[in-house]
Amino acid sequence: MKLEYSYLTRIRIKEIPGMVNGAIKIVENYNPETLGVKPLFDLVVEQPF
């Protein structure tokens, strides 16, 4: 099964860091452990954007 992400083709490369930083702020507000995304969240936060 091949997954296609058509919405990703509409995002410009320069917009991705802003989107990631916005997602990080939202997850920080709602506690990553409560949301169940702590391991993934830690990996994203470690990446340089």
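The exercises below, each with a worked solution, concern a predicted model of one chain.

**Exercise 1.** State how many helices and strands the chain has, and give their pattern along the sequence.

Solution. The chain has three helices and zero strands. Read along the sequence, these elements follow the pattern α-α-α.

**Exercise 2.** Determine how the axes of α1 and α3 are oriented to each other, and give the handedness of the crossing.

Solution. Two packed helices are described by the angle between their axes and the distance between the axes. Helix α1 covers residues 16–29 and helix α3 covers residues 38–46. Their axes come within 11 Å and cross at roughly 135 degrees. Angles over 145 degrees count as roughly antiparallel, and 65 to 115 as roughly perpendicular. The angle of roughly 135 degrees falls in neither range, so α1 and α3 are oblique to each other. The crossing in which α1 passes α3 is left-handed.

**Exercise 3.** List the residues through which α1 and α3 meet, and sort the contact by class.

Solution. From α1 come V20, I24, V27 and E28. From α3 come F41, V44 and V45. By class, this contact has six nonpolar residues, no polar residues and one charged residue.

**Exercise 4.** Locate N31, describe its phi angle, and classify it as buried, partly exposed or exposed.

Solution. N31 lies in the loop between α1 and α2, the latter being residues 32–35. Its phi is near 65 degrees, a positive value in a residue other than glycine. The relative accessibility of N31 is 37%, so N31 counts as partly exposed, since the partly exposed class lies between 20% and 50%.

**Exercise 5.** Give the buried share of the chain and its exposed area.

Solution. Of the 49 residues in the chain, 12% are buried. The chain exposes about 4700 Å², and carbon and sulfur atoms supply 59% of that area.

Definitions and conventions. Residues numbered from 1 in each chain as written. Predicted model: local features only at pLDDT ≥ 70, side-chain atom pairs only at ≥ 80, totals over all residues. Heavy atoms only, no water. Axes fitted to C-alpha atoms, helices over the stretch in contact; angles between N-to-C directions. Helix = DSSP H or I, 4+ residues; strand = E, 2+ residues; numbered from the N terminus. Parallel < 35°, antiparallel > 145°, perpendicular 65-115°, else oblique. Left-handed = near helix turned anticlockwise from the far one by under 90°. Contact = heavy atoms within 4.5 Å. Nonpolar A, V, L, I, M, F, W, Y, C, P; charged D, E, K, R; others polar. Buried < 20%, exposed > 50% of the residue type's maximum accessible area, 1.4 Å probe, protein only. Areas by Shrake-Rupley, 256 points an atom, 1.4 Å probe, with all protein chains shown as cover.
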